[in-house]
Amino acid sequence: ADAADAADAGAPGGRQEELYREAVRALEEGRAEEASRLLLRFLEGEPQHAGAWLDLAISECQLGRAVEAERLFQQIQERFVPPPGIVEIITAQRASGCQRPAVRGMFMLSLARGYDSNVNQGAASSNFQTGSGDNELHWELGPEFLPKADRYTQLVADYSQPLSQGGLFGFAQLRARRNDSVHSQDLMSLLAGLEQPWQWGRWRARGTLALSALQLDGQYYQRQTQLQIRVTPPLPLPEAMELSLSSGLSHVNYPTRTKYDGNTLELGAMLRYDARATLMQASLGALTDKGQSGRLGGDRTGTYGTVLVDTRWSDRFSTQLVASRQVWRSAAVYSENVIDIKRHQDTRQLSASATWQLQPHHSVQLEARAVRNQENIGLFQYNSRMLQLSYRWDNF
């Protein structure tokens, strides 16, 4: 915990203040080795900052260096005459014996019940045409291609586990959804990966490697490999605001479908404002998708944008609003002599949720979502609305 607010010390400024914030962040995220290194650098310029000395002692204690931690605790008590609250923190740290804490994973389980107005992403119109000119034909889609509404039950299990003092951790997610009637759209997915943060001076970065697999109606449908790097440069932005740049590469494979595979490259930026009760986040990026030879529509280029506002109104109640848009443009006609146009897809999504904390580790969430997928090929244009109530249990 950051004891600077409780300790009697002058506030650092400029670069020193940013260095101290980086150290505290590392300590809060369990990266005690990095926190210790940053605090030592900070104290070279601010040797009278009692809070930093306490944080250094705590980081040493978390690393299992009991002798060094005790030396620092004694110096703090002799030099700064800490108030009772700080003495209690020191006493608790000494009582722990400065043993490396057992690495504990974080687990979250969510059970939801919901309604989806278009489970199968059925076409918005029953009228459809193929060909052009003298070969133009008009069709009326059958019921199996039109929207099907249904209720569903969904289970989500998330697990993450720190793997090193350097910040490496692994994560996994299992998601299963079963519809009441439209079982052809029942799905199950598994995601697993690793994430590693780095720091070079004032630059911060985070790398993620993830593997996922999706099963649809009991059949293996899709698998994906994704690598992403996010870098946060030390820009002179207002407090609580940061800008990060990202680059990602993913490969998607469809085992049961021919000529569907693709590789996608993503370049983006995210502006984040994180105050005490409000988190605002905006991202914008460009995409290029190189498809397998013979894929309908050929290669694609696209853009995306997302705006998120998360507000905590009290200790027990919070809301979140998310608006996103993604556009894809194909390089070639979708299917020569059948659908003689280049596909243009414009997907917009708006979601709103409210979360109530019932008691520690237990909460409920109500979420509403609307999707509007506009296309110049009527067969693929669809709209959907979803309402979901979920119960969540976690151990953190």
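Which are the buried residues of H3? Figure 2 lists them by name. The views below come from a predicted model.

**Figure 1. The whole protein.** This predicted model holds 5 helices and 16 strands. Its C-alpha atoms fill a box of roughly 95 × 40 × 35 Å along the principal axes. Of the 396 residues, 36% count as buried. The accessible surface comes to about 22,400 Å². Carbon and sulfur atoms account for 56% of that surface. Contacts can also be sorted by how far apart the partners lie in sequence. Among contacts between residues at least 6 apart, 54% join residues at least 24 apart.

**Figure 2. Helix H3, a largely enclosed helix.** H3 covers residues 50-62. The helix has 13 residues. From its first C-alpha to its last, H3 reaches 18 Å, close to the 18 Å expected at 1.5 Å a residue. The buried residues begin with Ala50, Gly51, Ala52, Trp53, Leu54 and Asp55. Leu56, Ala57, Ile58, Ser59, Glu60 and Cys61 complete the list. That makes 12 of the 13 residues, so H3 is largely enclosed by the rest of the structure. Just after the helix, Gly64 takes a positive phi of about 80°.

**Figure 3. The disulfide of Cys61 and Cys98.** The structure holds 1 disulfide. The sulfur atoms of Cys61 and Cys98 lie 2.1 Å apart. The pair links distant parts of the chain, 37 residues apart. Cys61 sits in helix H3, while Cys98 sits in the loop between H5 and strand S1 (106-116). Which hand does the disulfide have? The torsion about the S-S bond is about -100°, so the disulfide is left-handed. Buried or exposed: how do the two cysteines rank? Cys61 has a relative accessible area of 2%. Cys98 has 7%. Buried means under 20%, so both cysteines are buried.

**Figure 4. Helix H4 and its buried side.** H4 spans residues 66-80 and has 15 residues. At 1.5 Å a residue, the helix should span 21 Å. Its end C-alpha atoms are 21 Å apart, which agrees. Which residues of H4 are buried? They are Ala69, Leu72, Phe73, Ile76 and Phe80. These residues cover an arc of only 105° around the axis, which puts them on the same side of H4. Val67 and Glu78 lie on the other side, where they are exposed. What covers the buried residues of H4? The cover includes helix H3 and helix H5 (84-95). After H4 comes Val81, whose phi is positive, near 45°.

**Figure 5. Helix H2 and its buried residues.** H2 runs over residues 32-45 and has 14 residues. The helix reaches 21 Å from its first C-alpha to its last. That is close to the 20 Å expected at 1.5 Å a residue. Ala32, Glu34, Ala35 and Ser36 are among the buried residues of H2. Leu38, Leu39, Phe42 and Leu43 are buried too.

**Figure 6. Strand S9 between two pairings.** S9 covers residues 241-253. How many bridges join S8 to S9? There are 9, and strand S8 (residues 219-232) runs antiparallel to S9. Val231 has Leu245 in S9 as its bridge partner. S9 also pairs with strand S10 (residues 262-274). This pairing is antiparallel and takes in 12 bridges. Here the bridge partner of His251 is Asn263 in S10.

**Figure 7. Strands S12, S13 and S14.** Strand S12 (residues 300-312) and strand S13 (residues 317-335) run antiparallel. They are joined by 13 bridges. A hairpin of 4 residues connects S12 to S13. S13 also runs antiparallel to strand S14 (residues 339-359), with 15 bridges between them. Gln320 in S13 appears in both pairings. Asp310 stands opposite Gln320. In S14, the bridge partner of Gln320 is Ser353. The hairpin of S13 and S14 has 3 residues between the strands. There, Asn337 takes a positive phi near 70°.

Conventions:
Residues are numbered from 1 along each chain as its sequence is written. This is a predicted model: local features need pLDDT of at least 70, side-chain atom pairs count only at pLDDT 80 or more; totals for chains, interfaces and linings use all residues. Side-chain values use heavy atoms; hydrogens and water are left out. The expected span of a helix is 1.5 Å times one less than its number of residues. Buried means under 20% relative accessible area, exposed over 50%, partly exposed in between (1.4 Å probe, protein chains only). The arc is that of the directions from the helix axis to the C-beta atoms. Contact means heavy atoms within 4.5 Å. A disulfide is a pair of cysteine sulfur atoms within 2.5 Å. Accessible areas come from the Shrake-Rupley method with a 1.4 Å probe; for residues, only the protein chains shown count as cover. Two strands pair if DSSP finds at least two bridges between them.
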